Amino acid sequence: MSGCGCGQSPIVIGGCRPTGAARLPVEVLCPGSTPCRHCETTPLRDSAAYRVAATADSTDPTPYYTIANTHAALDPVVARTILNGGTGTFPADDGTHNGQHTWLAGVVHIDPTSLCGDPTSLTISASVHVHNDGPDAACRLYGRFALWNGTTPIRTDLLGPPNLPAGGDDNGVIPPTTVSLADVLAGRVVVELNLETGNDDACRVGPKQWTVDSFVLTVQASAPGRGRSFLRTTCRNCDGVITCTADTLDGSTPYAPVPPVVPVASCQDGCSTTRPPCISTDLGNAITRGSDGCLYAPDTPALDPSPCNAARNTAGGLLVPGVELMGIAPGGNISLERSVDIDVTEMPGCPEGWRIGARLTPVSAFLNAERQHANLLAETGTDVPIPESDIVLPEAGVYHIDSDVRYALGTATGGSGYIIGWLRDETTDTLLTSFTQIAAINAAGQEHQGGTTHIMTEYTATSGPRTVRLHLMFVLSGGRITDAEAGGTDSNGATRMRFLKVRD
């Protein structure tokens, strides 16, 4: 069996269709022969990030106390249970402390044998769920979920919403943060969680207990050629010219590899080669492997004689049922598993045609908040909405939403305070994100700063349209602040809002 003029058509692994609308390349006729095409599949490995086995071991939280005279360490046994993904309780204070907080800390450890290649850094993220058991409400922003490197906090995400009532829930998130591999191996990287468990004279609230669960720690690393294995299928015509190339995970599922890409054969530890598919020896199997290693199908496929089989052999070739593509209504399916709705209508008897519909039309938008900064200092401690930031989610679905928040913060004589921001669904009065620290200042003398901070979340809208708006607040914690403003556009940057629908 030769690659040209053999009178057979090799099976195209993966369909060799880079996009859904692409057609197979036009075959070139060899002199005195029938059309032919030769395809070969090569196993490769890319550089996508991979998961590293990691744990967080309970440790003394004393080095991470940042609230003077109002701290207590959580029982180490309870802290260990929480850090292992279990459920634990932060007990309420006995009422003798003002603003009492209780703390836990966990040192991040990794399994060095799960590293592939020679990464120099890791990406760490974490999440946790907290529930206010009461009997009292929390005071303002009542805790923090943080990541430390030694004695330096590298992520300090405050827990909110403010004044969480008894029975309320919140989810703390440490976004993906890059740290040095050497610091992790040295035991310097620590996850810290503290919650207000005592009185607070400023809010006139009493003690409260917390239930904490669902702690998840995720550590990832990446190295050239140490990512995911995939298959690259390349098809050539009789002259050896490449007619199409397709990357897949298993010969059919499309995949976009993360560069750089290397042959599997050049990989070292942690890499594996992909074996070629075997050929069934069943008598009914008409597929064969040629001398060139390719898989071949017979010239004339055997057709089932069933009266409901609509495929026919004709003088012009194999005739199959026609397909008519039909559109569907937006928002017809909301699910974590599917992002395309398929509707197939079966006709009675032995149909000659079927009606199949599919839709994948994600919506998106981008907005600059063309306004002056909101004067947050004039409304210290108050929720300040930014109507010029409004974006409208037009229909039901799951959306990726993010915002760039421009700010300015300063003191002429010395002081401390911070700006926080959050996103809210104004249509249903639903909080999209936990409170994010936009900027913070703690200066003994004159200091001014300005910049842009990012807020990002994924949100499921069960109906549309929905209006999403940015909210801001300035919190004074000491001294005198002379400038606190955000949410607008200045000569150095702008407040922006974006959304992209990622699935129905």
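This section describes the overall make-up, pockets, cavities, salt bridges and helix packing of a predicted model.

The chain contains 2 helices and 34 strands. Of its 504 residues, 40% are buried. Among contacts in the chain with a separation of 6 or more, 77% are accounted for by residues 24 or more positions apart.

The largest pocket in the predicted model has a volume of about 980 Å³. Its lining comprises 32 residues, and Thr66, Ile67, Leu158, Tyr418 and Ser477 are those that lie nearest the centre of the pocket. Two or more lining residues are given by each of β7 (101–110), β9 (143–149), β10 (152–159), β12 (189–196), β28 (415–425), β30 (436–443) and β32 (466–479). The largest share comes from β30, which contributes 4 residues. Divided by class, the lining of the largest pocket has 14 nonpolar, 13 polar and 5 charged residues.

The second largest pocket holds about 670 Å³ of space. It is lined by 27 residues, with Asp157, Val173, Pro175, Thr436 and Met456 nearest its centre. At least two residues of this lining are supplied by each of β10, β11 (169–180), β30 and β31 (447–461). Strand β10 thus gives two or more residues to the lining of the largest pocket and at least two to that of the second largest pocket. The same two statements hold for β30. The lining of the second largest pocket divides by class into 13 nonpolar, 10 polar and 4 charged residues.

Enclosed space was also examined. A search of the whole structure finds 2 cavities of 30 Å³ or more. The second largest cavity has a volume of about 40 Å³ and is lined by Ile82, Leu83, Leu104, Val128, Phe145, Val191, Glu192, Leu193, Val212 and Phe215. Helix α1 and strands β12 and β13 each supply at least two residues of this lining, and β12 gives the most, with 3 residues. By class, the lining of the second largest cavity has 9 nonpolar residues, no polar residues and 1 charged residue.

Helix α1 (residues 76–83) has Ala79, Ile82 and Leu83 as its buried residues. Seen down the axis of α1, these buried residues fall within an arc of 95°, and they therefore line one face of the helix. They pack against β4 (54–59), β6 (88–90), β7 and β13 (208–221). Two of the buried residues of the helix, Ile82 and Leu83, are also found in the lining of the second largest cavity.

The salt bridges in the predicted model come to a count of 15. One of them joins Asp157 to Arg155, with the closest N and O atoms 2.7 Å apart. Asp157 is buried, with a relative accessible area of 11%, whereas Arg155 is partly exposed at 26%. Asp157 is also among the residues nearest the centre of the second largest pocket.

A further salt bridge is formed by the side chains of Arg371 and Glu388, at 3.0 Å from N to O. Arg371 lies in the loop between β24 (364–368) and β25 (374–375) and Glu388 in strand β26 (residues 384–393), so the pair ties together parts that are 17 residues apart in sequence. Both partners are classed as partly exposed, with a relative accessible area of 22% for Arg371 and a relative accessibility of 36% for Glu388.

The side chains of Asp402 and Arg498 likewise meet in a salt bridge, at 2.6 Å from N to O. This pair links distant parts of the chain, with Asp402 in strand β27 (residues 397–411) and Arg498 in strand β34 (residues 496–503), 96 residues apart. Asp402 is buried, with a relative accessible area of 8%. In addition, Asp390, Glu426 and Arg469 are joined into one network by salt bridges that share partners.

Definitions and conventions:
Residues numbered from 1 in each chain as written. Predicted model: local features only at pLDDT ≥ 70, side-chain atom pairs only at ≥ 80, totals over all residues. Heavy atoms only, no water. 1 Å grid on protein atoms, 1.4 Å probe; cavity = no way out; pocket = protein on both sides within 12 Å on 5 of 7 lines; lining within 4 Å. Points joined across faces, edges and corners; volume = space filled by probe spheres on them. Nonpolar A, V, L, I, M, F, W, Y, C, P; charged D, E, K, R; others polar. Salt bridge = Lys/Arg side-chain N within 4 Å of Asp/Glu carboxyl O. Buried < 20%, exposed > 50% of the residue type's maximum accessible area, 1.4 Å probe, protein only. Arc of directions from axis to C-beta. Contact = heavy atoms within 4.5 Å.
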